[in-house]
Amino acid sequence: MRLNRNCLFFILSFCYVKGVDKGNFKSCEQSSFCKRHRATRETPSAYIADLKSLSLHKERAFIDVINVEANIPLTLEIIALHNYAFRIKIQEKNGLRKRYQVENALVREPETAPIILLEKKDDHIVLGLDAVNRMVIQGNPFRLDLFNKNGHVITMNGRGMFKFEHYRTRKTLLGKAISKVAEVVGSSGSLTHRLASWIGNLLSSPEEIPMEHNPETDSQIEPLDAEEVQQTSEEPPAEVPVNNDAEETEPGMWEEDYKSHHDSKPYGPSSFGVDLSFPGSNHVYGIPEHADSLALRDTLNGDPYRLYNLDVFEYELWSPMALYGAIPFVMAKGKEGAVGVYWQNAAETWVDVRDVPGGGVVSSLMKLVSGGASEPGPHKEVHFISESGLMDVFFLLGPGPKDVLQQYTGLTGVTPLPQMFAIAYHQCRWNYNDQEDVQFVHENFDKEDMPLDVIWLDIEHTDNKKYFTWDPIKFSDSLGMMKNLSDKGRKLVTIVDPHIKRDSNYFIHKDCEANGFYIKDTNGKDFEGWCWPGSSSYPDFFNPAVREYWKEQYAFDKYHGTTKDVYIWNDMNEPSVFNGPEVTMHKDKLHHGGWEHRDVHNIYGMLVVDSTFQGLMARGENKLRPFILSRSFFAGSQRYGAIWTGDNGAEWGHLQVSIPMVLSLSIAGMAFTGGDVGGFFKNPETDLLIRWYQAGAYQPFFRAHAHEQTRRREPYLYDETTKDIIRQAIRQRYALLPYWYTLFYENEKTGIPPMRPLWLEYPKDSDTFALDDVYLLGDSLLVRPVTESKATSVKVYFPSDESAMTIWYDVETYETFTGRGYKSIEVDMYKIPVFQRGGSIIPKKLRPRRSSVLMQHDPYTLVVALDEEGKASGTLYIDDGESFDYREGKYVYGHLDYQRGKLSFRFLDAGRYSDASWVERIIVAGLRLKPHKIFAQIQGTKDHVELDFKYEAKMHILTIRKPKLPMNYEWHLQFY
Ligand code: NOJ
């Protein structure tokens with residue numbers, strides 16, 4: 001099917017006006033494997049674990065799991081990991097086809113730990129990381145229970161929803177005919193179904209699959225010496241006759257149609273799913289990307305949450321529909337702690353969430369094993385269902401939410417510290433028309449004294465949508481344009497999408513075609529789809545040669561007209577195929593290594609960005625930190641840069657949902673995230689635009705963007721008041737850049753994201769568990785964006801520790817708020833409620849500049865907000881803002897501390913950076929008594945310098961002027 005340009009515009013404009021057409025995207029009911037799993041009969045499970053087959057090695061164990069109805073043997077591999085985690089893999093014991101194991105998500109092969117056999121009985125086995133963190137494997141029915149210091153925290157298959165569709169050979173024409181009958185008569189007709197399976201069972205002849213150990217997994221393990229063996233199987237695993245015919249006749253198993261698209265499914269069904277209960281946890285979070293609340297909702301009466309990277313126009317809000325990226329990670333949280341599950345699979349995945357009223361997961365065995373575990377109260381349960389690939393699951397035992405995050409980012413990596421410009425303000429539009437337009441935009445930002453670091457060029461800057469090229473007329477002098485930007489300390493980002501125009505004069509196409517670099521059709525020919533350039537093909541990033549090729553294209557001698565100040569935007573990398581099923585690639589298209597697109601879909605976009613990252617590293621000679629924005633993502637994408645929440649709309653609802661969306665991404669490792677400020681589709685009213693700038697200034701990635709059919713809306717185009725408010729919002733972002741930068745550095749060290757749900761810092765305050773309108777930046781700033789039209793006041797939830805009463809200071813007025821719970825805060829158009837926690841010290845830079853580079857040597861203002869005991873502390877990180885020199889120790893990372901009249905700055909480690917600037921102002925809020933004198937002493941000098949200060953008695957605010965304290969030395973101030 002080919003679309004011409006007019007037709008394409010028709011489709012786009014239709015969507016533009018109407019919002020998402022849900023009919024273009026599958027529901028669970030229309031996805032045969034999802035439907036089959038949802039219909040799985042609950043307990044008792046059809047699976048048993050043959051505990052006698054236990055084969056125990058140093059850091060892993062193997063047990064046979066058998067589907068007693070179909071007599072299919074599976075291998076359960078259990079691996080003990082360092083840092084309180086278990087990994088399990090389940091696959092056919094002697095499958096017909098290898099299953100795809102995700103390779104690119106983990107930062108490295110995880111460090112394993114010794115596995116301890118704590119107990120072996122006829123009906124269960126207990127394996128431990130230690131005596132507390134352990135897993136109970138129950139034989140009949142098969143289930144796993146995990147424990148940590150808080151007790152029983154995870155159950156797998158407690159409800160018996162485990163279902164594993166083994167690879168099988170397709171029966172004869174008869175089998176095909178039966179599927180067809182079932183499909184035509186109606187897939188839900190149970191009579192048809194029973195008739196079909198009866199005929200199938202009657203006529204099929206079982207075929208034997210050789211039953212041997214899986215050579216793949218066997219080769220990775222070292223068997224133990226005789227004395228090292230704690231206990232292994234004495235008897236060989238039971239010989240199980242293989243019935244290869246079960247479920248042959250379900251419609252959709254061997255081929256499936258959706259709209260006009262046919263999925264040939266040459267390998268038949270291969271899906272699997274299982275229920276996971278979290279006793280003790282009444283909330284689950286994660287599995288982005290969805291335009292929904294942070295706390296996942298019960299999906300019993302609707303569709304499950306879907307993880308399938310898709311290009312969705314004007315997506316629906318508060319919906320479990322799939323969006324551009326997928327991270328199959330959940331965190332379950334209760335009052336006592338948190339645990340995580342990382343379901344490492346790149347195929348289409350659905351996740352049902354259930355609110356379980358109570359009970360249900362404690363078996364009589366469990367009572368025995370855990371010394372009488374009591375039935376849990378209301379808790380959450382999820383049911384993961386994936387279409388293909390290996391069942392590869394990580395259980396992260398916490399026990400707190402930050403531990404879970406560290407365990408997860410320990411596996412999949414962290415966002416490297418971005419360059420300073422990347423966390424400043426970005427101005428984008430589809431499109432800036434030509435180089436004069438670019439010049440006009442940044443000159444106008446200057447005229448209006450609005451800070452700006454980056455201008456973006458969308459697809460129209462290229463020569464007819466041929467990426468890595470420039471439109472020869474509109475951008476005839478891209479280097480001249482770059483010089484003007486660079487002179488002001490500004491950068492440019494250009495778009496490079498992974499669909500390649502099939503134009504015989506286009507060098508990328510010629511290379512890809514000649515080298516066989518494209519994804520292949522089922523007939524082995526290059527797949528041809530439709531995207532912005534018209535007829536396009538898609539490089540197969542699973543081929544290492546393609547990744548190397550893509551990387552090379554960013555070299556200065558290949559990507560002409562660019563300089564080191566040009567960075568990259570990888571869009572449409574789900575991949576978006578306008579004429580494909582659900583606007584993406586057909587699942588039966590073929591990748592390097594023989595994998596079907598079905599197996600790898602959700603990871604394609606990440607591989608595009610990985611190659612871009614390597615390209616930018618190479619062209620910056622491994623010295624300059626890359627900046628890349630991607631729309632599609634998977635677990636591990638955080639290692640390459642930023643993502644944004646795609647094509648939102650200029651509506652209040654989209655502004656509201658941006659908060660839980662970014663929070664959900666943050667707690668799934670994606671630290672550098674934001675939404676299009678202003679909304680991509682439609683024209684925002686002025687007050688919405690203002691509120692969006694104010695909110696965006698406090699989200700990790702801060703970029704305004706707009707659809708090509710919207711009116712121009714650069715902030716300098718508005719009336720004086722609007723300009724003034726937006727200017728202030730952007731300036732607030734720039735003032736806090738030292739704090740943001742420190743948070744990003746700490747994120748690289750710890751995996752804890754800059755933008756945090758309140759419960760990450762107040763894990764015992766259960767009123768914070770389901771909030772979508774308020775969040776923390778670091779542990780010190782509480783932000784409640786105004787997301788309601790015409791608001792004159794908003795309700796703000798103030799969290800507090802159980803032990804102490806937290807004081808919160810309004811960052812503008814220093815008015816204080818104490819006590820847990822909601823308070824109504826008055827707002828006008830200038831104000832969004834932002835509060836600094838008493839007990840924190842925040843570094844700022846308050847001199848307004850045109851771009852962040854020009855602020856590099858500007859002095860700091862330190863805002864010290866005292867807690868009830870008159871104490872405060874914070875950190876400050878400084879480096880050159882652009883290079884990897886910090887990894888060689890060229891930085892300053894210091895601890896600021898105020899107590900008992902002494903403010904000190906001490907280095908936290910051995911890093912040193914000579915050009916670290918100095919302190920021009922210190923504000924201490926909450927100081928009850930006016931000091932008589934304040935003296936400063938800088939390390940290495942004997943002098944005690946008396947400092948000038950003023951004190952506002954009514955507000956208890958002290959301001960020290962020009963203390964001139966250098967940040968490349970340690971120092972302290974003494975208050976007398
Ligand atoms: C889709 C992206 O989501 C959007 O941001 C961009 O402007 C268009 N593609 C055109 O490149």
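Tutor: Two rings of Phe, Tyr or Trp count as a pair if their centres lie within 6.5 Å. Please keep in mind that the model before us is predicted. A search of this whole structure finds 60 aromatic pairs.

Student: How is the geometry of one pair read, for example that of Tyr-898 and Phe-975?

Tutor: Planes over 60 degrees apart count as edge-to-face. The planes of Tyr-898 and Phe-975 stand at 65°, with ring centres 5.3 Å apart, so this pair is edge-to-face. Tyr-898 belongs to strand E44 (residues 892-899) and Phe-975 to strand E51 (residues 971-975), so the pair ties together parts that are 77 residues apart in sequence.

Student: Is Tyr-898 buried or exposed, and is Phe-975 buried or exposed?

Tutor: Buried means under 20% relative accessible area. Tyr-898 has 5% relative accessibility and therefore counts as buried. Phe-975, at 11%, also counts as buried.

Student: Which residues form an aromatic cluster?

Tutor: One aromatic cluster is formed by Phe-421, Trp-456, Tyr-567, Trp-569, Phe-627, Trp-644, Phe-672, Phe-701, Trp-740 and Phe-744.

Student: Which ring has the charged end of Arg-134 over it, and over the face of which residue does Arg-97 lie?

Tutor: The charged end of Arg-134 is placed over the ring of Phe-147, at 4.3 Å from its centre. Arg-97 lies over the face of Tyr-267, 3.5 Å from the ring centre.

Student: How should one read the cavities, and how many of 30 Å³ or more does the search find?

Tutor: Rolling a probe the size of a water molecule over the atoms shows where empty space is left. In this structure, the search finds 16 cavities of 30 Å³ or more. The second largest cavity has a volume of about 140 Å³. Its lining holds 14 residues, and the closest to its centre are Lys-26, Tyr-258, Asp-263, Pro-581 and Lys-587.

Student: Which strands each supply at least two residues of that lining, and what is its make-up by class?

Tutor: Strand E11 (256-258) and strand E12 (261-263) each supply at least two residues of the lining of the second largest cavity. By class, this lining has six charged, four polar and four nonpolar residues.

Student: Which residues of helix H9 are buried, and where do they lie around its axis?

Tutor: In helix H9 (residues 478-487), the buried residues are Ser-478, Met-481, Met-482 and Leu-485. These residues cover an arc of only 100° around the axis, which means that they are on the same side of H9. On the face turned away from that buried side, H9 carries the exposed residues Lys-483 and Asp-487.

Methods:
Residues numbered from 1 in each chain as written. Predicted model: local features only at pLDDT ≥ 70, side-chain atom pairs only at ≥ 80, totals over all residues. Heavy atoms only, no water. Phe/Tyr/Trp six-rings, centres within 6.5 Å; stacked < 30°, edge-to-face > 60°. Helix = DSSP H or I, 4+ residues; strand = E, 2+ residues; numbered from the N terminus. Buried < 20%, exposed > 50% of the residue type's maximum accessible area, 1.4 Å probe, protein only. Lys NZ or Arg CZ within 6 Å of the ring centre and 35° of its normal. 1 Å grid on protein atoms, 1.4 Å probe; cavity = no way out; pocket = protein on both sides within 12 Å on 5 of 7 lines; lining within 4 Å. Points joined across faces, edges and corners; volume = space filled by probe spheres on them. Nonpolar A, V, L, I, M, F, W, Y, C, P; charged D, E, K, R; others polar. Arc of directions from axis to C-beta.
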